[in-house]
Amino acid sequence: MSTLSPDYDYLCSAVSRLGSEAAFEVLGRARELQAAGRDIVHMEVGEPDFDTPAHIKAAGKAAIDANFTHYAPNAGIMEFRTVIAEYATRFRALAQPYTPDMVVVAPGAKQIIWNLLAALLEPGDEMVYADPAYPTYAAAAGYLGAKAVPVRLLESKNWGLDLDELEAKLSARTKVLVLNSPHNPTGGVLSHGDLAAIAELATRYRFLILTDEIYSRNIYGERFESITQFEELRDRIVVVDGFSKAYAMTGWRLGYCIAPVKIARAATLLANNTYACTSTFVQMAGMAALTGDDAPVVAMNDTFRMRRDRFIAQLNTIPNVSCPMPAGAFYAFPNITAITHDDVALAKYLLEEAGVALLGGSCFGDAGRGYLRLSYANSLQELDRCVERMRAALPNYPN
Ligand code: PLP
């Protein structure tokens with residue numbers, strides 16, 4: 001219990017430990033500039049620029065007309081959970097199928113990540129995660145009084161994990177290891193070797209793996225590889241996935257986890273106590289996404305690949321900018337240390353002076369210092385404008 005003081009503002013101390021997702025802040029500033037008449041190239045927000053495929057929209061509309069507008073079960077509509085379990089088993093080529101009682105549906109992957117960590121982390125527990133990272137993992141851990149322990153991803157390994165650092169940071173206090181492959185913000189994909197090494201460490205140290213696979217359909221190599229292939233670890237792996245990125249459904253808010261039943265029950269209890277259930281007609285749209293024509297997903301991915309190839313090649317022609325070829329997601333994470341280590345100041349300069357909205361890499365953690373994050377989920381024309389503006393503005397950066 002806190003003691004009231006003159007500047008008491010009613011907020012609990014945990015709030016002061018919350019960061020925020022910089023993408024939304026930069027988007028806000030970019031929109032302000034636009035409202036004032038500035039022309040802005042948007043590279044800041046990680047969402048597909050495509051519209052939701054027509055058959056998914058039609059299923060959502062039909063579900064409203066069929067009155068799927070009431071509360072649904074906390075963990076999700078049973079038929080939908082069955083479809084998710086089947087899809088996830090097939091997609092990851094697992095010998096042992098997932099069952100619907102392992103699936104918990106949520107209004108977005110972000111919500112289920114938060115609720116899972118709330119179900120898993122005791123104050124003082126350690127959550128190990130790759131740095132840089134999607135900010136929600138560390139935000140949730142910090143809020144819960146747990147310790148978020150970063151392990152560097154290495155540009156020299158095409159954004160693979162520093163396995164020596166990982167092992168050095170594991171201890172009896174390590175409760176959860178968070179993986180995210182394909183990765184936000186680097187676009188990196190964990191190699192088979194990294195996954196195997198992590199699986200071996202998980203066997204030895206007995207931590208739980210939360211694997212955020214929301215970009216599993218945004219992959220430009222041969223096929224998606226998941227830590228779930230090590231099926232002997234099944235009782236200690238929680239998969240998070242969602243519809244935002246693969247199906248261009250960010251605004252629908254739809255995600256899920258697949259977890260050992262005991263953890264799924266805890267996530268369901270948290271659902272019961274927080275969001276109650278995920279919008280019923282949105283779940284019906286999600287069902288159409290998983291059971292309907294997959295061609296739009298493949299087409300979107302092909303377009304991302306084409307944009308990636310051209311955009312990364314062009315970024316590398318800008319003096320003092322170097323960017324490895326990302327193998328997944330839709331982010332470029334160029335190294336700008338030849339210009340400055342203050343990536344946030346450079347991102348601000350590029351927005352204010354050149355009209356390019358992007359993020360400093362350190363918004364995703366200390367290991368992102370000296371990098372920028374650009375989402376290439378944008379048209380070729382806009383990507384070209386981005387490169388030309390950066391090329392023109394960077395030599396004048398007042399360093
Ligand atoms: N996980 C990662 C790695 C992300 O990048 C994002 C969104 O940017 C999410 C989860 C959240 O997705 P959702 O829209 O399903 O909440």
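Start with the ligand: select it, and then show the residues around it. In this predicted model, 13 residues surround the ligand, and the closest are A109, D212, Y215, S244 and K245. Colour that shell by class and you should get five nonpolar, four polar and four charged residues.

Now zoom in on some of the contacts. Pick A109 and look at its backbone: a polar atom there is 2.7 Å from an oxygen atom of the ligand. Next, click on D212, where an N or O atom of the side chain is 2.6 Å from a nitrogen atom of the ligand. Then try S244, whose side chain has an N or O atom 2.6 Å from an oxygen atom of the ligand. How much of the ligand's accessible area does the protein cover? Of the 400 Å² that the ligand has on its own, 94% is covered by the protein. Switch on a surface to see where the ligand sits: in the largest pocket.

Next stop, the backbone. Most peptide bonds are trans, and most residues other than glycine have a negative phi. Here are some spots that go the other way.

- Select D131 and P132: the peptide bond between them is cis, with omega near 5°. P132 is in the loop between strand 3 (126-131) and helix 6 (136-143).
- Move on to S181 and P182, joined by a cis peptide bond with omega near -10°. You'll find P182 in the loop that runs between strand 6 (174-180) and helix 8 (192-205).
- Go to N158, which isn't a glycine but has a positive phi, near 50°. Its loop lies between strand 4 (147-154) and strand 5 (160-161), and N158 is partly exposed, with a relative accessible area of 35%.
- Jump to A329, another non-glycine with a positive phi, about 55°. A329 is in the loop between helix 11 (295-315) and strand 10. Is A329 buried or exposed? It counts as buried because its relative accessible area is 0%, and the cut-off for buried is under 20%.

Stay with strand 10 (331-332) and follow the loop from there towards helix 12 (343-354) to reach N335. N335 has 13% relative accessibility, so it is buried. Draw a distance from its C-alpha to that of Y397: the two residues are 62 apart in sequence and 16 Å apart in space.

Finish at helix 13 (residues 380-393) and select E382. E382 is buried too, at 17% relative accessible area. Which residue does the side chain of E382 join through a polar contact? Show R385 as sticks: its side chain and that of E382 make a polar contact of 3.0 Å.

Key
Residues numbered from 1 in each chain as written. Predicted model: local features only at pLDDT ≥ 70, side-chain atom pairs only at ≥ 80, totals over all residues. Heavy atoms only, no water. Near = heavy atom within 4 Å. Polar contact = N/O pair within 3.5 Å; in protein donor to acceptor, adjacent residues only side chain to side chain. Areas by Shrake-Rupley, 256 points an atom, 1.4 Å probe, with all protein chains shown as cover. 1 Å grid on protein atoms, 1.4 Å probe; cavity = no way out; pocket = protein on both sides within 12 Å on 5 of 7 lines; lining within 4 Å. Sits in = over half its atoms within 2 Å of the grid points. Nonpolar A, V, L, I, M, F, W, Y, C, P; charged D, E, K, R; others polar. Helix = DSSP H or I, 4+ residues; strand = E, 2+ residues; numbered from the N terminus. Buried < 20%, exposed > 50% of the residue type's maximum accessible area, 1.4 Å probe, protein only.
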